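Please read the following note alongside the sequence and the structure. The points are numbered for ease of discussion.

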Amino acid sequence: MVGMDVDAPFSEQWSQDDARNKAQNVERNELLQAPKNRPTRIVAMGGGTGLPMVLKGLARRAAPKGGQPGVDITAVVAMSDDGGSSGRLRRQHGVLPPGDIRNCLVALAGGKSALKDVFQYRFGGAKGLAGHAVGNLLIAALAELKGDFLEAVRLSGELLGAQGQVLPSTLASVQLVAQMHDDTEVVGERNICRAHGRVRRVSLSPRSPPPVDGLLEAIYSADLIAIGPGSLYSSVLPNLLVDGVAQALKETRALKVMVANLMTQPGETDGMNCLDHVQAVIDHVGPVLDAVLVNGRAPSDESIQRYARKGSFMVTAETRELLSSGVIPVQADLLKEGSKIRHDSRKVAACLLKMARSGL
């Protein structure tokens, strides 16, 4: 792909209006300053394993160092997960799904600690606590104790020493609903994963749930919004379907960057290239993307063949197609060393920070 190289120099229940006006006042007072005078504000949206990868890299840059101002990080997590430990806690205790929240808090904690290991410890066996992660249980317990899921997340972040805040996209109990290409409707994220069909469109039930307090303000005052990588329909898009989020993304002065997936996801994005991923976002919420960050280094043939045997293929990107959709492709080496085809959190964070601080 011949695209812009990131290593080259870059030349009423709630009031959305109140949130926008408050954030615009912040802009007038603070965005007049040079970025070096304050931390770079990044909002990262997603879920699954992709969002923690981005956060892990950003957390390493959170503290000011070497003349850089540091990073103010806000993670926004989809709340439609209904599988595994999170799903069981939702059904049995009525708590919002804590799993992706937990992973993001641990990613923001940085370094190594016994507490991080405890949060991620998952009970074995076949009954009782089997399959539950300790961190999920702790967040659920704090939510019951405090009567406030958001406070439970905040306290868990304090315990871990998280370098940033994690926000559930909504505090409403939502389910993901998929319209499949064969016109069938599938309700529930875990059922969509089991359907093994091509998804045409997703929505939340109830539709347009209200955003959590602070979400829209964070979007309006950000320097950069990172969207993805991750499961397109089950981790990325649900965040954008929360009421007011798409409009805020259209109005914010922040640079909106989609971090492209490296490989297709069997049963969810089969046969989809980078443009298809971008177009899916546009079809659901309109033109909210400015750029897409794509990997410019090919994995080994052996790795590609191994993934192909499992039905997963490279997400290809063509510059002209992306430009025609109104999105600027930015290319860089984003691969992590090793046999698995994964993003390198340090490389992704470095690219996002350069884009946030220099612009396109």
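How many residues does helix 6 have, and how far does helix 6 reach from its first C-alpha to its last?

1. Helix 6 runs over residues 134–146, has 13 residues and reaches 18 Å between its first and last C-alpha. That is close to the 18 Å expected at 1.5 Å a residue (1.5 Å times one less than the number of residues). Helices here are DSSP runs of H or I with at least four residues, numbered from the N terminus. The model is predicted: local features need pLDDT of at least 70, side-chain atom pairs count only at pLDDT 80 or more, and totals for chains, interfaces and linings use all residues. Residues are numbered from 1 along each chain as its sequence is written, and side-chain values use heavy atoms, leaving out hydrogens and water.

2. The buried residues of helix 6 (under 20% relative accessible area, 1.4 Å probe, protein chains only) are Gly-135, Asn-136, Ile-139, Ala-140, Leu-142 and Ala-143. They cover an arc of only 160° around the axis, so they lie on the same side of helix 6; the arc is taken from the directions from the helix axis to the C-beta atoms.

3. These buried residues pack against helix 3 (84–93), helix 4 (99–109), helix 5 (114–120) and helix 7 (149–160), where contact means heavy atoms within 4.5 Å. The face turned away from the buried side carries Glu-144 and Leu-145, which are exposed (over 50%).

4. Just after helix 6, Gly-147 takes a positive phi of about 65°.

Conventions:
Helix = DSSP H or I, 4+ residues; strand = E, 2+ residues; numbered from the N terminus.
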